[in-house]
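Here are my notes on the model, point by point. Please read them with the structure open.

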Amino acid sequence: MHDFLYKNNNLYCENLKVQDLAVRFGTPLHIYSYNTLTNHFIKLRKAFSAIDPLICYSVKANSNLSILKALVEKGAGLDIVSGGELFRAIKAGCPAKKIVYASVGKTEAEIATAISKGILFFNVESLPELRSIDRIARRLGKITRVAIRINPDVEAKTHKFITTGKITNKFGIDLNSAYKILLLRDEFKNVSICGLHIHIGSQITESAPFVAAIKKVSAFIKKLESKGIKLEYLNIGGGLGIVYDSETPQTAQVYADEITPLLKDTGLKIIMEPGRFIVGNAGILVTKVLYIKHTPKKKFIIVDGGMNDLIRPALYGAHHNILTLRKSSTKSEKADVVGPICESGDFLAKERKIACVKEGDYLAVMSSGAYGFSMSSNYNSRLRAAEVMVSKNKVRVIRKRETYADLIRNESNG
Ligand SMILES: *Cc1c(COP(=O)(O)O)cnc(C)c1O
């Protein structure tokens, strides 16, 4: 499932010892496995080979150019949510015809650039946005394609911050409104409505919510067909859950077995937008123990990586396994693993049984490849960490550690 394994009691990323990488590149350090990354993509493509979908990797999960390039080289398209991600996608060599663009708040400038580049389509999230795209396309003398993002009102059974397909969420358009928009489609002279899109949330560990959502849109597609409205694409979004700890998410194969018949039945070309599934377990964050602090109530392991490097525990109460780089036979103790940032929310683990480490030891925060670096910040004027990519016995820096000069690059001193 991933290539971070102990060999002779030392943690390795593929053929390289993580300890050596930490010493060589410093910490905090994001380490990715090329093999894990690309294998996840290939595994998904294989599971769905019967319908040959366009798999658009969701850039926001991890937007490093080298990660994008590795996937684009394997045939992936990209799912973007901003002009910045469009810029990255083009830089990484993704053909525009393999780019789909979702977001409830696309600006005029972002829409104009995406039309000019000739992306496959926009996932439209409201009627005013559709009007805006139509107007901008007219100004540019183009006809552009859109899919309507449906809010299917299903419960994704995941953390409330990462559920997106309930009718109270800001995403997508309810079925009734979508139907009305489709009846008006001839009014939008510079837009061709070519498909439907759903994305119901993230870290979804069972197939049932996906099945429920796909059934709802399938019925809708049938209704549209009966009214003479023909579509070309169904974009089923991302959201596949991964193992962080003791979850037992559906495998790609089980997911495929459950939904392939439903998808085939639509007769449409299928697009999917996995992010976390592809990159989540392909990355770890290595951090160094600075101090061990005992208070009357607690033991704190204070490390040099913080919520600015990995915000998921603070933001979602997310669980990441934490391993020592040398498989430890010493006893373990309950401790909070915390960063140096001036916030009580700055923790990587709470009340966690963890091997008795000492100052200068390293810890590996597992499964941090998705929504790790891409959500990182400079809070507390901390430098964003370096990222390296390992492939077999080779390692490459794919993002240099920031410097203090980077920190103030765009500021004035007056
Ligand atoms: C975030 C997002 C995804 C990817 O979600 P994962 O849970 O990482 O697979 C896909 N599509 C859209 C529209 C998104 O916003």
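**Notes on the predicted model**

1. **The largest cavity.** About 40 Å³ of space lies in the largest cavity. The model is a predicted one. Its search for cavities of 30 Å³ or more gives one. The lining of the largest cavity consists of Ile 198, His 199, Ile 200, Phe 210, Ala 213, Ile 214, Ile 236, Gly 238 and Tyr 255. By class, that lining has seven nonpolar residues, two polar and no charged. Which helix gives the most to it? Helix H8 (residues 208–226) does, with three residues.

2. **The largest pocket.** The volume of the largest pocket is about 610 Å³. Its lining counts 31 residues, and those closest to the centre are Lys 60, Thr 164, Phe 171, His 199 and Tyr 371. His 199 deserves a second look: this residue also lines the largest cavity. The pocket lining divides into eleven nonpolar, 13 polar and seven charged residues.

3. **Two domains at the pocket.** Which domains supply the lining of the largest pocket? Domain 1 (4–32 + 280–407) and domain 2 (34–278) each give at least three residues. Please keep both domains in view when inspecting this site.

4. **Strand S14, burial.** Is strand S14 (residues 299–303) enclosed or open? Five of its five residues are buried, so the rest of the structure largely encloses the strand. Lys 299, Ile 301 and Val 303 point one way, while Phe 300 and Ile 302 point the other way. Residues on both sides are buried, Lys 299 included.

5. **Strand S14, neighbours.** S14 pairs with strand S13 (residues 283–294) in the antiparallel sense, over five bridges. The two form a hairpin, with four residues between them. Within this pairing, Val 303 of S14 is the bridge partner of Val 289. S14 also runs parallel to strand S16 (residues 332–338), joined by three bridges. Here Ile 301 has Val 337 in S16 as its bridge partner. S14 thus has an antiparallel pairing with S13 and a parallel one with S16.

6. **Strand S5, burial.** Strand S5 (residues 54–58) is mostly covered, with five of five residues buried. Leu 54, Cys 56 and Ser 58 lie on one side. Ile 55 and Tyr 57 lie on the other. Both faces are covered.

7. **Strand S5, neighbours.** S5 runs parallel to strand S12 (residues 269–272), with two bridges joining them. Leu 54 finds its bridge partner in Ile 271 of S12. S5 also pairs with strand S6 (residues 77–80), in the parallel sense and over three bridges. In S6, Gly 77 is the bridge partner of Cys 56.

8. **Cysteines.** How many disulfides does a search of the whole structure find? The count is zero. Cys 56 shows the distance involved: the closest cysteine sulfur, in Cys 94, is 7.2 Å from its own sulfur, too far for a bond. The cut-off for a disulfide is 2.5 Å between sulfur atoms. Cys 56 counts as buried because its relative accessibility is 0%. Cys 13 counts as buried too, at 0% relative accessibility.

9. **The sheet S1-S2-S3.** Three strands form an open sheet in the order S1-S2-S3, with antiparallel pairing. Strand S1 (4–7) and strand S3 (16–17) stand at the edges with a single partner strand each, so one side of each is left without a neighbour in the sheet. S1 and strand S2 (residues 10–13) pair over four bridges. Leu 11 in S2 is the bridge partner of Tyr 6.

10. **Ser 192.** This residue sits in strand S10 (residues 191–197). Is Ser 192 buried or partly exposed? At 29% relative accessibility, Ser 192 counts as partly exposed, since buried requires under 20% and exposed over 50%. Ser 192 and Leu 231 are 39 residues apart in sequence, and their C-alpha atoms are 9.8 Å apart in space.

Note on methods
Residues are numbered from 1 along each chain as its sequence is written. This is a predicted model: local features need pLDDT of at least 70, side-chain atom pairs count only at pLDDT 80 or more; totals for chains, interfaces and linings use all residues. Side-chain values use heavy atoms; hydrogens and water are left out. Buried means under 20% relative accessible area, exposed over 50%, partly exposed in between (1.4 Å probe, protein chains only). Two strands pair if DSSP finds at least two bridges between them. On a 1 Å grid over the protein atoms alone, a cavity is a set of points where a 1.4 Å probe fits but cannot get out, and a pocket is an open set with protein on both sides within 12 Å along at least five of seven lines; lining residues have an atom within 4 Å of a point. Grid points are joined across faces, edges and corners, and a volume is the space filled by probe spheres set on the points. Ala, Val, Leu, Ile, Met, Phe, Trp, Tyr, Cys and Pro count as nonpolar, Asp, Glu, Lys and Arg as charged, and the others, Gly among them, as polar. Domain bounds come from an automatic or database domain assignment.
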